[in-house]
Amino acid sequence: LILSPHSPCREWKALFTKEWESPNEYDDTIFGVDVSHHNKEIDWKMLHNEGNISFAYIKATEGASYVDPCFYKNIKEARENLIDVGAYHYFTMNTSGVEQFWNFYNTINKINYFDLKPVLDLEPPTLKNLNKIYSEMDKDKYAKEVNTFINLCEKYLHESPVIYCQQYHYDATLLDKVITNFCSYQIWCGIEFVRKGNEVVVKKPWSNDCVLWQYKQAPINNHGFFDINITTNGKYSELTDYKKLRLPEGKGFL
């Protein structure tokens, strides 16, 4: 895989004391989690009161038909504990962007509003045999379907999705060429690890357009195991531009 031309965000440098250290808890740092049914029962009250968690991206859908069985429960309970919520769709390589968008739309449209912009999660189906996956995938078809999903988001949700991605997927799929006007989208940098001497450490964010960084996988107060994300006050305001925007024709039971 070739190296991405993107360099770490300047905004993130203030969150480090040394090149490879984890971010410090400065006043400008906002912490959040991303969750799905894999997290099972979540103690949202603990996350907010003791874990310093302010926001959560919650898995809504995957592919053309799958709906996360904990989506509505997680939205409701996170909100009850004063945690801002957003929804994400896990994009699969083997179904059309049209089918995937309508699965996402019909699922999230049962909710009155979201606090955070929607997310399109772009990653391979497994970390095994990555070279084989990327060599066999039809990149032109992938480009077409991803762009279709994004265009439908902009048409029906009136918002461009934030793009979740890791650098290896960006490099292998040439996302800057796959996605029309890629540089105009906000990026959520997925967690990645690199070896430094005898240690395996977390890479710093790879995109200049990074608004969120998934920087850690760990328990919170000995509860569960979470993907932990950080952003800054300035970056967070870019995500909450979507706040209280009601979805058209929403049934609004949450």
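Here are a few friendly notes on the strands, a helix pair and the nonpolar cores of this predicted model.

1. Strand β2 is a good place to start. This strand spans residues 53-62, and 8 of its 10 residues are buried, leaving β2 mostly covered. Its pairings with β1, β4 and β3 are taken in turn below.

2. On one pairing, β2 runs parallel to strand β1 (residues 29-35), and 5 bridges join the two. If you want a residue pair to look at, V35 has I58 of β2 as its bridge partner. Helix α1, residues 44-49, belongs to this part of the fold too: together with β1 and β2, α1 makes a β-α-β unit, and the unit is right-handed.

3. Strand β4 (residues 84-90) also pairs with β2 in the parallel sense, here over 7 bridges. A pair to find by eye is F55 with its bridge partner D84 in β4.

4. The pairing with strand β3 (residues 66-67) is antiparallel and has 2 bridges. T61 finds its bridge partner in V67 of β3. The β2 and β3 hairpin has 3 residues between the strands, and G63 in this hairpin adopts a positive phi near 65°.

5. Next, please look at the helices α3 and α5. Helix α3 covers residues 97-108, and its axis lies 8 Å from that of α5, at a packing angle of about 35°. The crossing of α3 past α5 is right-handed. Residues on the α3 side of the contact include F101, W102, F104 and Y105, and those on the α5 side include F149, L152, C153 and Y156. G97 of α3 and E145 of α5 are also among the residues that meet here.

6. Now for the interior. In soluble globular proteins, nonpolar side chains tend to be buried together. The largest nonpolar core in this model has 53 residues, and the members touching the most others are V33, W44, L47, I58, F71 and I163. Helix α5 (residues 139-157) supplies the largest share of this core, with 7 residues. I58, one of those well-connected members, is also the β2 partner of V35.

7. F71 deserves a closer look. Leaving aside residues up to four places away in sequence, F71 touches I58, K59 and A60, along with A87, T107, I108, I111 and F114. Of these contacts, I58 lies in β2, and I108 is among the α3 residues that meet α5.

8. Finally, please do not overlook the second core, which is separate and has 13 residues, V119, W188, V211 and Y236 among them.

Definitions and conventions:
Residues are numbered from 1 along each chain as its sequence is written. This is a predicted model: local features need pLDDT of at least 70, side-chain atom pairs count only at pLDDT 80 or more; totals for chains, interfaces and linings use all residues. Side-chain values use heavy atoms; hydrogens and water are left out. A nonpolar core is a set of buried Ala, Val, Leu, Ile, Met, Phe, Trp, Tyr and Cys residues joined through side-chain atoms within 4.5 Å. Buried means under 20% relative accessible area, exposed over 50%, partly exposed in between (1.4 Å probe, protein chains only). Helices (H or I, at least four residues) and strands (E, at least two) are DSSP runs, numbered from the N terminus. Contact means heavy atoms within 4.5 Å. Two strands pair if DSSP finds at least two bridges between them. A crossover is right-handed if, with the strands pointing away from the viewer, the path from the first strand over the helix to the second runs clockwise. Axes are lines fitted to C-alpha atoms, for helices over the stretch in contact, and angles run from 0 to 180 degrees between N-to-C directions. A crossing is left-handed if the near helix is turned anticlockwise from the far one by less than a right angle, and right-handed if clockwise.
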